[in-house]
Amino acid sequence: MDRALTSVLVAAAAVCLGAVAAPTPALAGTFETIHNYDVDITVQADGDLSIVETIDYDFGDEEHHGIFRDIPTRLRYDDTYDRVMPLRVDGVTGSPGTPVQYDVSDAGDGKTEIKIGDADQTITGVHQYRIAYTVQGALNSFAQRDELYWNAIGDEWGVTIQRATVRVVSPGQITGIACFQGQERSSERCDASAFQGDTARFGQVQLSPYEGLTIVVGIEKGAVAVQPPILDERWTPARAFAVTPVTGSTAGALAVVGIAGFGFLAWTRGRDRRYRGSQVDQIMGNPHGESETVPVGDADAEGPVEFAPPEGIRPGQVGTLVDERANTLDVSATIVDLAVRGFLQIHEIPKEGFFGKPDWRLVRTDKDDGSLLPYERMLLEGLFRDGQETTLSALRTTFAARLSKVEDSLYADARDQGWFAIRPDRVRLRWRLLGFGLTVLAIVITVALAATTHLGLIGLATLLVGLVFWFGAGRMPARTAKGTAMLRRVRGYRRVIDTADRYLARWAEQENEFPKMLPYAIVFGLTDKWAHTFQALAAQAPSGVTPIVPWYVSSGAFSAEGFAHAIDGFTVATSGMMTSTPAGSGSSGFGGGGFSGGGGGGGGGGSW
């Protein structure tokens, strides 16, 4: 009796589905429509799904190349994992005159796209496409049954589907079915659904744009070898850079070893040397030239007070020796020094208007430059390349290339003087290149570890080490014993300029000697103190006579206070001028938990 009743129900459903599937003439007009969308799903014994979709697509009057089908193959499983359903396209065929070339690609957002058609051919009207593909890992396993919960027709089609049918064939008996249609999360039932034995059928008259059809099929337990879901851990920063006993201890050890390694290299190779012996030997050198590493705590030692630059050392040399860098301040001080020594004059040009800026004219004298050091001659010739006169404003944006050559010559001079065994700029460059290489390697390692494992923290530790080497490069230049000796003497001379007010009487007795200290004050950053003392000397001069500064011509009446202020502005303007460059350079589906769009598969498509 029960078997006879089941046969009657199945026959009735078949009649209904047959009515649903009756052909309908193509509608007039240009609107795109899917007349029939048939899906045939065969559940294989190994759990794979063999799916054939037959789509009667009406392009209307508008020309298109074909259609595309986007099928979700990666779905959210839980807070940690995504469920992956690998898809293989078995083939695409079509009605006569339908181009069926296809390309499979990653469409993003967890979808695989099958793009069908010919970019060099357009079509109109009704064309049928038959898409065959296989999906792995789509079945769900429960205690009393296995289950296919599948979005047979996805809710991402932007056209009306006039009729939809789905057939599912299983290797075992089907124990129950459900079907939902409509927009995403709709629980509205389909127009027709029935099953008998190993086959289930579903049908729906008309799906509006962005409505889909989801089927649920229960299969007797044991008929299918259902494999566990294929899970792929979702990438998150917390996952990639997880702090665990392994990652924490390994990263910590790497960081400690790497930083300690740099510290060891800086300790052994980046420390200055000094002459062995007494303080006098350390300053003047011992008979045998024996040297040792400067002890910790003694690096800032000074030599005796020096009232003149030791051994005639020039301001640019002082700046390079003191901070191991040849920079714009050293070159600015050299310009002033050349003026003090009579190779050029500096003429002040008053600013024009309230918002104007002051300028200075540089005039080269006829004094023979044969006594100049190479970097000094290079600077002088660079300033006056276009004539015997120039202004700072005229040099703006044109002097940067020449400045680089002057700085390079300063580094060469520091090495030639024996103050450094290797030019400090080249030492820094070597260590920066090493740090850069380590940093790039660490970035590659970090990205690889973070993308594929939980060990990204270890990569960050290597990155930290690379950055330490990179930014620590400035610590690596080391002075020779001769360089350390000269540095201490230079510090003695700096002390005199810093405390020059104690020696006012001395400078007053040596008329016009004090102005010669200005270029060194610029290098030492003591211009303000120098100016204070200069003004005091002017105030103490007999009958208000101001010390003579023949190389500087002010725009008005000369005064010590005005000169001190102007020379500070000149230094700032010169540094800015030299570095300027031209503009432009640079769940289950049963038990009330099912709904449309709730299973695997789905997606949508359209024309192109």
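This report describes a sheet, a set of strand pairings, aromatic contacts and selected residues in a predicted model.

**The seven-stranded sheet**

An open sheet is formed by seven strands, which follow the order 6-9-2-1-12-15-14. The pairing within this sheet is mixed. At its edges stand strand 6 (87-94) and strand 14 (192-196). Each of these two has a single partner strand, so one side of each is left without a neighbour in the sheet. From one strand to the next, the twist averages 10°.

Within the order given above, strand 2 and strand 1 stand side by side. Strand 1 covers residues 33-43 and strand 2 covers residues 49-58; they pair in the antiparallel sense over ten bridges. Along this pairing, Asp-38 is placed opposite Thr-54 of strand 2.

**Strands 20, 21 and 23**

Strand 20 (residues 344-349) takes part in two pairings of opposite sense. With strand 21 it pairs in the antiparallel sense, over six bridges. With strand 23 (residues 552-553) it runs parallel, and two bridges join them. Individual bridge partners can be named for both pairings. Leu-344 has Arg-364 of strand 21 as its bridge partner, while His-347 has Val-553 of strand 23.

Asp-359 belongs to strand 21, which covers residues 359-364. What is the relative accessible area of Asp-359, and does this make the residue buried or exposed? The value is 14%, and Asp-359 is buried. The side chain of Asp-359 makes a polar contact of 2.5 Å with the side chain of Ser-393. Leaving aside residues up to four places away in sequence, Asp-359 touches His-347, Glu-348 and Ile-349, and also Thr-391, Leu-392 and Ser-393. His-347 therefore appears both as a contact of Asp-359 and as the bridge partner of Val-553.

**Aromatic pairs**

A pair of aromatic rings is described by the distance of the centres and the angle of the planes. The count of aromatic pairs in the model comes to 17. Two of these pairs are set out below.

| Ring pair | Distance of centres | Angle of planes | Arrangement |
|---|---|---|---|
| Trp-431 and Phe-469 | 6.2 Å | 20° | stacked |
| Tyr-493 and Tyr-520 | 5.3 Å | 85° | edge-to-face |

The planes of Trp-431 and Phe-469 stand at 20°, so the pair is stacked. This pair links distant parts of the chain, with Trp-431 in helix 10 (residues 424-452) and Phe-469 in helix 11 (residues 456-471), 38 residues apart. Trp-431 and Phe-469 are both buried.

For Tyr-493 and Tyr-520 the planes stand at 85°, so the pair is edge-to-face. Here too the pair links distant parts of the chain: Tyr-493 lies in helix 12 (residues 481-498) and Tyr-520 in helix 14 (residues 518-524), 27 residues apart. Tyr-493 and Tyr-520 are both buried.

Ring pairs also join several residues into a cluster, whose members are Phe-514, Trp-530, Phe-534, Trp-551, Tyr-552 and Phe-563. Of these, Tyr-552 falls within strand 23 (residues 552-553), the strand that runs parallel to strand 20.

**Charged groups over rings**

Aromatic rings also meet charged side chains. The charged end of Arg-271 sits over the ring of Trp-267, at 3.8 Å from the ring centre. Likewise, the charged end of Lys-367 sits over the ring of Phe-343, at 4.7 Å from the ring centre.

**Helix 15 and Ala-538**

Ala-538 is located in helix 15 (residues 527-540). With a relative accessible area of 12%, Ala-538 is buried. Its C-alpha atom is separated by 6.5 Å from that of Ala-560, although the two residues are 22 residues apart along the chain.

**Positive phi in two loops**

Most residues other than glycine have a negative phi. Asp-109 has a positive value, near 55°. Asp-109 occupies the loop between strand 7 (102-108) and strand 8 (111-117). Glu-324 likewise has a positive phi, near 60°. The loop that holds Glu-324 runs between helix 5 (315-323) and helix 6 (328-340).

Which of these loop residues is buried, and which is exposed? Asp-109 is exposed, with a relative accessible area of 70%. Glu-324, by contrast, is buried, with a relative accessible area of 10%.

Technical notes: Residues numbered from 1 in each chain as written. Predicted model: local features only at pLDDT ≥ 70, side-chain atom pairs only at ≥ 80, totals over all residues. Heavy atoms only, no water. Pairing = 2+ DSSP bridges. Helix = DSSP H or I, 4+ residues; strand = E, 2+ residues; numbered from the N terminus. Axes fitted to C-alpha atoms, helices over the stretch in contact; angles between N-to-C directions. Buried < 20%, exposed > 50% of the residue type's maximum accessible area, 1.4 Å probe, protein only. Polar contact = N/O pair within 3.5 Å; in protein donor to acceptor, adjacent residues only side chain to side chain. Contact = heavy atoms within 4.5 Å. Phe/Tyr/Trp six-rings, centres within 6.5 Å; stacked < 30°, edge-to-face > 60°. Lys NZ or Arg CZ within 6 Å of the ring centre and 35° of its normal.
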